[in-house]
Amino acid sequence: MPLTMNREVFITCAVTGSGGTQDRSPHVPRSPEQIAASAIDAAKAGAAVVHCHVRDPETGKPARDPALYREVTERIRDSGTDVVLNLTAGMGGDMLFDGTETMNRMAANSDMAGAAERVAHVVECRPEICTLDCGTMNFNEADYVMVNTPGMLRDMAKRMVASGTRIEIEAFDTGHLWLAKALADEGIIPDPVLVQLCMGVPWGAPDDLNTFLAMVNNVPKSWHWSAFALGRNQMAYVAASVIAGGNVRVGLEDNLWLDKGVLATNAQLVERAVTIIENLGARVITPAEVRARLKLEKRAPLPK
């Protein structure tokens, strides 16, 4: 595949995620106030898009309470800082098991919800973008399955589109792209189609360059795409994505470190990405330019 460098790049900052990182760095935001503040700082540093999960403000554990999402949304919208808001819809499909001899029942700490519940905060908060994890996979830890069946994805996608929110497909392996293309061909995911290539997430696509290019080669030419890799390869993938024709994602959801032994903030990770992009000869584009490119509408949440 001949590489065609992207010279007009947008940066997404994944602000906090749902992984167990809340006690590994003091910079991982927990409360809606902290999450919004970190997102705003990332936007001021150059991120056009902020991708937000929410957490229990006391424990830092992942949550999906619509009230927490509303507070994050309102704080960002009321800040006067322009940024494209991207809310996760990945929560509610976590199936865990208590060992290999009890596979006939889910563990008590599983979190499984129906389609309407999984997208309730998207419908209420009306972000420009929300994510759709386009596949089921063994995820990171033993006996934990991220569950996204074809029927569930079709149902969630239709609700997202009806709410006026643009879908960002999250693809963790080539099969996820195969399914996403089917949903697009069926008209369930409308144009312009946006996809995030998620590299190095155990046990999805590893973040070696051969696999990355296999993922890139499976993205239809008319789609818009970004990519990221976990941990120490985060910044290498900023360069790789731009060179391969894509956009980039950085942030504390995927990586806690700025340098060896130096814990990062979201703003610092965005600043580092801006430097890499500009040194490659590309330009970092604005939220307004992203909205024009992806046909996004900035809206306030539904009235309470």
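**Cores, a helix face and a small sheet**

Setting aside neighbours within four places in sequence, Ile277 touches Val9, Ile11, Val238, Val242, Val248, Ala282, Arg283 and Val284. The model discussed here is a predicted one. Ile277 also turns up in the largest nonpolar core, a set of 44 residues, where Ile277 is listed with Ile11, Cys52, Ile76 and Val270 as having the most contacts inside the core. Quite a list of elements feeds this core: β2 (11-14), α1 (32-45), β3 (49-52), α2 (66-77), β6 (84-87), α8, β15 (247-250) and α9 (266-279) each put in at least two residues. The top contributor is α9, with seven residues. There is also a second, separate core of 38 residues, and Leu179, Ala184, Val219 and Tyr237 are among its members.

Asn6 comes next. This residue sits in the segment before β1 (8-9). Its relative accessibility is 12%, so Asn6 counts as buried, the cut-off being under 20%. The side chain of Asn6 has polar company: one of its polar atoms lies 3.0 Å from the backbone nitrogen of Glu8, and a 3.1 Å polar contact links the side chain to that of Asn247. Beyond its neighbours within four places in sequence, Asn6 is in contact with Val242, Gly245, Gly246, Asn247 and Ala282. Two of these names, Val242 and Ala282, also appear among the contacts of Ile277.

Then there is helix α7, residues 209-217, in which Thr211, Phe212, Met215 and Val216 are buried. Looking down the axis of α7, the buried residues fall within an arc of 140°, so they line one face of the helix. That fits the usual geometry: an α-helix has 3.6 residues a turn, so residues three or four places apart point the same way. As for what covers the buried residues of α7, the list includes β12 (166-171), α6 (174-185), β13 (194-199), β14 (224-229) and α8 (234-244). At the N-terminal end, α7 is capped by Asp208, with a side-chain oxygen 3.2 Å from the backbone nitrogen of Asn210.

Last up is an open sheet of four strands, ordered β8-β7-β11-β10 and paired antiparallel. Its edge strands, β8 (111-112) and β10 (137-138), each pair on one side only. Strand β7 (residues 93-96) runs antiparallel to β8, and two bridges join them. Within this pairing, Gly93 has Met112 of β8 as its bridge partner.

Terms used. Residues are numbered from 1 along each chain as its sequence is written. This is a predicted model: local features need pLDDT of at least 70, side-chain atom pairs count only at pLDDT 80 or more; totals for chains, interfaces and linings use all residues. Side-chain values use heavy atoms; hydrogens and water are left out. Buried means under 20% relative accessible area, exposed over 50%, partly exposed in between (1.4 Å probe, protein chains only). The arc is that of the directions from the helix axis to the C-beta atoms. Contact means heavy atoms within 4.5 Å. A polar contact is a pair of N or O atoms within 3.5 Å; within protein, one must be able to donate a hydrogen and the other to accept it, and residues adjacent in sequence count only if both atoms are side-chain atoms. A nonpolar core is a set of buried Ala, Val, Leu, Ile, Met, Phe, Trp, Tyr and Cys residues joined through side-chain atoms within 4.5 Å. Two strands pair if DSSP finds at least two bridges between them.
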